[in-house]
Structure formats: C-alpha cells, structure tokens
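Morning, everyone. Let me walk you through a structure that is new to most of you. Please have a look at it first.

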Amino acid sequence: SAQRRPSGGANAAGANSGSYDKPWRQNMAGKGNAGGAAGGKNSGGGAAAGGAGANKKQYIGPDQELATMLERDIIDEGINIKWDDIAGLEEAKRVLNEALVLPMIMPDFFTGIRRPVKGVLLFGPPGTGKTMLAKAAATETSCTFFNVSSATLASKYRGESERMVRVLFDMAREMAPSMIFIDEVDSLCSQRGTANEHEASRRVKTELLVQIDGVHGGGDKDKDKDSASADGEPPAPRHVFVLAATNFPWDIDEALRRRLEKRVYIPLPGQAQRLQLLKINLKDVDVAPGVNLESVAAQLEGYSGDDITNICRDAAMNGMRRLVAGKTPAEIKALREAGKDSFKEPVTSEDFQQAIRKINPSVSKEDIKRHEEWLGVFGST
Ligand code: ADP
C-alpha cells in the first residue's frame, strides 16, 4: 500500500553506518540517561545523524505497517527520569532494580534458578508514581521503552489488537534489551470468562499470555494450557521485560497475575514522601520565609503524588492571580514590562491553604482499603 516504505530504501541509506544497527538502541544508549536527552516522544530515530530519518532502520518483518505505527506511537525515546526524581518508594525502586535493571546489566548472572522474573506488576491508587517508576527503570537501563496503554490499543488498533501484541513483542525482541510497559493492564486483561466478553478481547489476552511466556525463552510454556494457542515457535531468549501497571489489581485475570511474578504496591505517600514531593514540585519557585513545609505535608495526608503536584501548581499561581485581579490585559502587559519578575511572588502559607481548600484528595479510603487487602493476598516483592 501507499503507506508501506519502499522495500530496502530506508535500509540502503543506512548501509554505510552498519545496516543492522538499531537506531532506536543507538539513540537510547548514546544519549540515554546521562546526557539529558531531549527528543521526547516521536522524535525521529535517525534525526541524530542529521539525515531527517534517512538512515532510520525499520523493523523488518510481517505487518510492516503495524510496526511503523507502533514505532511512531509506542516507542518512547529520550525519556530522562531518574530514581531521584521520584519521591520515596524506596522498596519499589529496589525491586525494579533487581527484577529489571540488574538482569539487563549482567544477563549472564541471571540464568537458571536466577532467571529474571517474567514480569512485574505495579499496583496502587492513581497518581502515585507508577508510570514514573517505569520510565526511571527504562532510563536507568537505556533500553528501548515501549509505552503501551490499553487506551491506545483500544482507540487506534481496534480489531488489530491481537496482531499488534504479537508485532509489539517481535519488535521488542528485535530491539532488545527492551521494556514493554503496559499501563492500565486491567482493561486489557480483566477477569475472563464473563458471558458477554468478546471473543476478540479474549484472544488479545491469550496472545499477551503467550508472548509473556516467550520473553525469556518460553521455558515453561507447556505447563500452562493458556499458552496452547501459540501459533509459532517459542521465540529465542532476548532481554525483553514486561512491566505492567494498574489501579485495579483485583480486575486482573489469574493467568496474567501469575505471570507478573513480582507484584509491588505503590501506596499513597507518607509524611516524609509528601515533604519530598513538595520540595521536588517547588524547586523552581520561591517559597515565602514563613511557610512550614512540614506542616503543609502533614495537612496533605490522603493526597496522592499527582494531587500534591496539582496543589503546588495551584499555590504557585496564586501570587500572579493576586497581581492581575481586576486588571485589563493592557494594564497587565504594562505591569509585566515594568518589572520582569514582578509576577514571581513567593508562595505563601495562605496560597497553600487556598489550594488545599480547592483541591480534594482524588483517592478514597475505600479504594486504599481494597488495595491493602489485595496486597495482603497477592502482593509479592
Ligand atoms: P500513576 O502512573 O501511578 O498513575 P504517575 O507516575 O503518572 O502516576 O504520576 C503522575 C504525576 O504525579 C507525575 O507526573 C508527578 O508529577 C506526580 N507524582 C506522583 N508520584 C510521584 C512521586 N513518587 N514522585 C514524584 N512525583 C510524583
């Protein structure tokens, strides 16, 4: 079709830089964690060489069009989140380091009984840092990061999801080491067997299970009849790690749960973590001398990391709001021209109080209780 790249064209251009190089990996390895990679999502893989993508190698295989779409929408390049950007969650960082980061750094150690886990599940209320953790783990390892949300799957690849899952894992192996991050995994893989469950969605789940079994060589494939519908040979072992996240762990089907061998609870922040979150969020604004951040943190019990970011953002706007209140755009412009920094008022205690009055915690106590119960039964670090 018209979408398809002329065969060989893209590769031929890259031939003199080694036609089997993987620009995705070069990108990640070359300007990955240390260098403050800019780029961001969708930045062209070949752009670094100045060739406007001319030497960009495509994944070569069946389903080329799907692969091109995946490459555009799902491979996240230039992520640069460090462990230190994430407040608290030390236990989760330790588990991810051991389950994902170290096996990528020293694969030879993680064999036999020490084989890496097939997958890790991060669960907990929304806005607690699960996505950030996944990105930090990817930054740390400079691996190819596939950022798959179930929403993307549903909206863009309707009807093709099953094939997409297969191509996704093929690409991940091709570009290994890779990390496949599946956000909202519950909506892709909810409890099976309900009467009105669509056949298509059941097939997607089955395909995902088969693929997860295959990531480290498919060793125990035969043990599980869920894998029986595999329609190819088990893929060769390559370092592909599956990291999934959910706000609704109880909706995850048992077969998938078993494959996500480590299940790590990402709770709401405690006092120390809330204080850290305030400091991270306010690092580029002035805080008025009278503000006691510890007592603000204490007031924010029950708020998620995301809520706290919102509070800080709102509080940091209040000084400007006071300055512009009742003024016309022309007056504001004149004010602004009069003094460049005149809008950068320090954030006061009252600014925090106003923001806290406006913004309620987004997570309910019942939700927390449910997570803790699930942790008690299925948690595993
Ligand atoms: P989740 O994936 O758990 O829903 P995210 O990782 O997407 O949450 O976090 C959403 C936003 O909340 C982040 O962009 C960040 O601003 C803030 N945030 C949440 N938790 C943390 C944390 N532990 N450290 C720093 N920022 C956080």
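I'll take the sheet, then the ligand, then two helices.

One caution: this is a predicted model.

Start with the sheet. It is open, has 5 strands, and pairs them in parallel. The order is 2-3-4-1-5. Which strands stand at the edges? Strand 2, residues 144-149, and strand 5, residues 262-265. Each has a single partner strand, so one side of each is left without a neighbour in the sheet. On average, neighbouring strands are turned by 20 degrees against each other, direction ignored.

Now look at strand 1, residues 119-123, and strand 4, residues 240-246. They run parallel, joined by 5 bridges. Pick out F123: its bridge partner in strand 4 is T246. Helix 7, residues 161-174, lies across strand 2, strand 3 and strand 4. Its angle to strand 2 is about 165 degrees.

Next, the ligand. It is surrounded by 17 residues. The closest are G129, K130, T131, G305 and D306. By type, the shell has 8 nonpolar, 7 polar and 2 charged residues. Helix 5, helix 11 and helix 13 each supply at least two of the shell residues.

Helix 13 comes up again at helix 15. Which residues of helix 15 are buried? D351, F352 and A355. They sit on the same side of helix 15, because they cover an arc of only 100 degrees around the axis. Helix 12 and helix 13 are among what covers them.

Last, L375 in helix 16. L375 counts as partly exposed, because it has 18 C-beta neighbours inside 10 Å.

Terms used
Residues numbered from 1 in each chain as written. Predicted model: local features only at pLDDT ≥ 70, side-chain atom pairs only at ≥ 80, totals over all residues. Near = placed C-beta within 6 Å. Helix = DSSP H or I, 4+ residues; strand = E, 2+ residues; numbered from the N terminus. Nonpolar A, V, L, I, M, F, W, Y, C, P; charged D, E, K, R; others polar. Buried ≥ 20, exposed ≤ 12 C-beta atoms within 10 Å, placed from the backbone. Arc of directions from axis to C-beta. Contact = placed C-beta atoms within 7 Å. Pairing = 2+ DSSP bridges. Axes fitted to C-alpha atoms, helices over the stretch in contact; angles between N-to-C directions.
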